[in-house]
Amino acid sequence: MAENNKKSNNKFFAVFINLLGLLSAVLYFSGWMYRLAYYNRFELNVIDLNFSFESFLLLPVVIIF
């Protein structure tokens, strides 16, 4: 019984980690695309502005809420 419960917990955490990785990839991509579209209006290059990695992850969350 304990082995079955342990396997169930491991499977749950594996699915959770996979979903978390997928969510972070989607957030990073959407943050990058938003900044790229916004700064292209002003003819600025996003790469030259040196934004931090975290800012691309947090920007879509702020926009959603």
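Which residues make the nonpolar surface patch of about 650 Å²? The answer is F12, F13, F16, I17, L20 and L23. Keep in mind that this is a predicted model.

Start with the helix that carries part of this patch. Helix 1 covers residues 2-41, and F13 sits within it. F16 has its place in helix 1 too. How open is F16 to the surroundings? Its relative accessibility is 45%. Buried requires a value under 20%, and exposed a value over 50%. F16 therefore counts as partly exposed. Now follow the chain from F16 to S30. The two are 14 residues apart in sequence. From C-alpha to C-alpha, the space between F16 and S30 is 21 Å.

Further along in helix 1 comes R35. Is R35 buried or exposed? R35 is buried, yet it has no salt bridge. The nearest side chain of opposite charge belongs to E54, and it is 9.7 Å away from R35. A salt bridge would need the charged atoms within 4 Å. What does the side chain of R35 contact instead? It makes a polar contact with the side chain of S55, at 3.1 Å. R35 has other neighbours as well. Leaving aside residues up to four places away in sequence, R35 touches V46, F51, S55, F56 and L59.

Now turn to the partner, S55. Its place is in helix 2, the helix of residues 53-64. The polar contact between the side chains of R35 and S55 thus pairs a residue of helix 1 with a residue of helix 2. S55 counts as buried because its relative accessibility is 16%, and the limit for buried is under 20%. The side chain of S55 also reaches a backbone atom. That atom is the oxygen of S52, at 2.7 Å. Another pairing to look at is S55 with W32. These residues are 23 places apart along the chain. Their C-alpha atoms are separated by 9.2 Å.

Stay with helix 1 for one more residue, A37. A37 is partly exposed because its relative accessible area is 45%, between the limits of 20% and 50%. Compare its position with that of V62. A37 and V62 are 25 residues apart in sequence. In space, their C-alpha atoms are 17 Å apart.

What lies between the two helices? A loop runs between helix 1 and helix 2, and E43 is found there. N50 is found in this loop too. Both residues deserve a look at their backbone angles. E43 has a positive phi of about 55 degrees, although it is not a glycine. N50 also has a positive phi of about 55 degrees, and it is not a glycine either. Are these loop residues buried or exposed? E43 has a relative accessible area of 74%, so it is exposed. For N50 the relative accessibility is 66%, so N50 counts as exposed.

To retrace the route, begin at the nonpolar patch, with F16 among its members. Move along helix 1 to the buried R35. Pass through the loop with E43 and N50. End in helix 2 at S55, whose side chain makes the polar contact back to R35.

Methods: Residues are numbered from 1 along each chain as its sequence is written. This is a predicted model: local features need pLDDT of at least 70, side-chain atom pairs count only at pLDDT 80 or more; totals for chains, interfaces and linings use all residues. Side-chain values use heavy atoms; hydrogens and water are left out. Patches are made of residues with over 30% relative accessible area and no salt bridge: like charges are joined within 9 Å, nonpolar side chains (Val, Leu, Ile, Met, Phe, Trp, Tyr) within 5 Å. Accessible areas come from the Shrake-Rupley method with a 1.4 Å probe; for residues, only the protein chains shown count as cover. Helices (H or I, at least four residues) and strands (E, at least two) are DSSP runs, numbered from the N terminus. Buried means under 20% relative accessible area, exposed over 50%, partly exposed in between (1.4 Å probe, protein chains only). Lys and Arg count as positive and Asp and Glu as negative; His and the chain ends are not counted. A polar contact is a pair of N or O atoms within 3.5 Å; within protein, one must be able to donate a hydrogen and the other to accept it, and residues adjacent in sequence count only if both atoms are side-chain atoms. Contact means heavy atoms within 4.5 Å.
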